[in-house]
Amino acid sequence: MIKKLLNPFAYFNDMTLLIIGILAHFFFTYIAKLTYSNFPDFLSIKKGGIDFTFLDLLYQNTRNIAIAILCLFILGKIINKRTRFIDIVNVVLISRIAYYIVFITDFIPIINNKLDKVTAGVMSNNLAVLQESSTMIVIVIVAFIAIFFICVMFYYLYIGFKTVTNLKTIPQTFAFIATILFIIISTTILTLVIPQTI
C-alpha cells in the first residue's frame, strides 16, 4: 500500500488515475468557490479579494494545468518519443491533489478565525495582531502545512514524470526542473496580462 501511495503512476491504470484527477480538479475548484479562493498561477492559492464565479475558477485552474501539461508533454517527447499525452495529464492532475489539500485549513475554525484576524489587521494597518503569540503560532503551522504539501506536489510531479518518461540522466532532471520553473513563471506573468474571468 505504501508503495502505491509513493508512486501511484506505477500501480494504477491510466483511466483510473484520469478519473480521480478530473474529479479532484472539479471538486477542489468548487471548494475554492466556497472558501473565496482563486488560482492566480500554477503554484498559488489566493484567498479573498474578488468573488469569482465557479466558471472563472475552473478557467483559472484549467488554464494553469493546461500550460503545465503542454510544457511537460513537450519535454517528455524530447526525453522519450513514446511518452503518452494521457500519462502527462495524469501526472499533473494527480500531483495537484496534494496542492489542493491546503484548502483543509479553511475548514478548521480556529485557523480560519486567526487568519481572518491577521488579514483584517494588516488591511487596517493594525500590525499589533502580529505580536499575539497564539496568532503567530497558527500562522507558522499553516505555513508549514502549505510548504509540506507543495513539496508533496513537486514530489509527485517528479516521480510521476520520471515513471512515464523513463527519465534517467542528470541533464534530463535539470531540464525537468527548468520546465517546472518556466511553468511557474509563465503562469504568474499570464495572471498579470490576461483576464482572470470569462
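In this predicted model, the count of salt bridges comes to 3. One of them joins the side chains of Arg84 and Asp14, with 2.8 Å from N to O. Arg84 sits in the loop between helix 3 (54–79) and helix 4, while Asp14 belongs to helix 2, so this pair ties together parts that lie 70 residues apart in sequence. Arg84 also meets the side chain of Asp87 in a salt bridge, this time at 3.0 Å from N to O. Put together, Asp14, Arg84 and Asp87 are linked in a network of salt bridges.

How open to the outside are the members of this little network? Arg84 has a relative accessibility of 41% and counts as partly exposed. Asp14 is also classed as partly exposed, at 21%; since the cut-off for buried is under 20% relative accessible area, a value of 21% puts Asp14 in the partly exposed class. Asp87, on the other hand, comes out at 14% and counts as buried, because that value falls under the 20% limit.

Another salt bridge pairs Lys33 with Asp51, and here the closest N and O atoms are 3.1 Å apart. Lys33 is part of helix 2, and Asp51 is found in the loop between strand 2 (46–47) and helix 3, so the contact ties together parts 18 residues apart in sequence. With a relative accessibility of 26%, Lys33 is partly exposed.

Next come the pockets. The second largest pocket holds about 350 Å³ of space. It is lined by 16 residues, and the closest to its centre are Lys4, Leu5, Pro8, Ile94 and Tyr156. Four elements each give two or more residues to this lining: helix 1 (2–6), helix 2 (14–34), helix 4 (85–100) and helix 6 (133–165). Which of them gives the largest share of the lining? That is helix 6, with 4 residues. As for the chemistry of the lining, 15 of its residues are nonpolar and 1 is charged, with no polar ones.

On the outside of the model, a nonpolar surface patch covers about 870 Å². The residues that make this patch are Ile170, Phe174, Ile177, Leu181, Ile185, Ile189, Leu192 and Val193. One of these, Ile177, lies in helix 7, which runs over residues 170–193. Ile177 has a relative accessible area of 40% and is therefore classed as partly exposed. That value is over the 30% that a residue needs to join a patch.

Finally, the backbone has a couple of spots worth a look. Most residues other than glycine have a negative phi. Tyr36, though not a glycine, has a positive phi of about 55 degrees. Tyr36 is found in the loop between helix 2 and strand 1 (37–38). Is Tyr36 buried or exposed? At 51% relative accessibility, Tyr36 counts as exposed, because the cut-off for that class is over 50%. Asn166 is another residue other than glycine with a positive phi, here near 65 degrees. Asn166 lies in the loop between helix 6 and helix 7, and its relative accessibility of 43% makes it partly exposed.

Methods:
Residues are numbered from 1 along each chain as its sequence is written. This is a predicted model: local features need pLDDT of at least 70, side-chain atom pairs count only at pLDDT 80 or more; totals for chains, interfaces and linings use all residues. Side-chain values use heavy atoms; hydrogens and water are left out. Patches are made of residues with over 30% relative accessible area and no salt bridge: like charges are joined within 9 Å, nonpolar side chains (Val, Leu, Ile, Met, Phe, Trp, Tyr) within 5 Å. Accessible areas come from the Shrake-Rupley method with a 1.4 Å probe; for residues, only the protein chains shown count as cover. A salt bridge is a side-chain nitrogen of Lys or Arg within 4 Å of a carboxyl oxygen of Asp or Glu. Buried means under 20% relative accessible area, exposed over 50%, partly exposed in between (1.4 Å probe, protein chains only). On a 1 Å grid over the protein atoms alone, a cavity is a set of points where a 1.4 Å probe fits but cannot get out, and a pocket is an open set with protein on both sides within 12 Å along at least five of seven lines; lining residues have an atom within 4 Å of a point. Grid points are joined across faces, edges and corners, and a volume is the space filled by probe spheres set on the points. Ala, Val, Leu, Ile, Met, Phe, Trp, Tyr, Cys and Pro count as nonpolar, Asp, Glu, Lys and Arg as charged, and the others, Gly among them, as polar.
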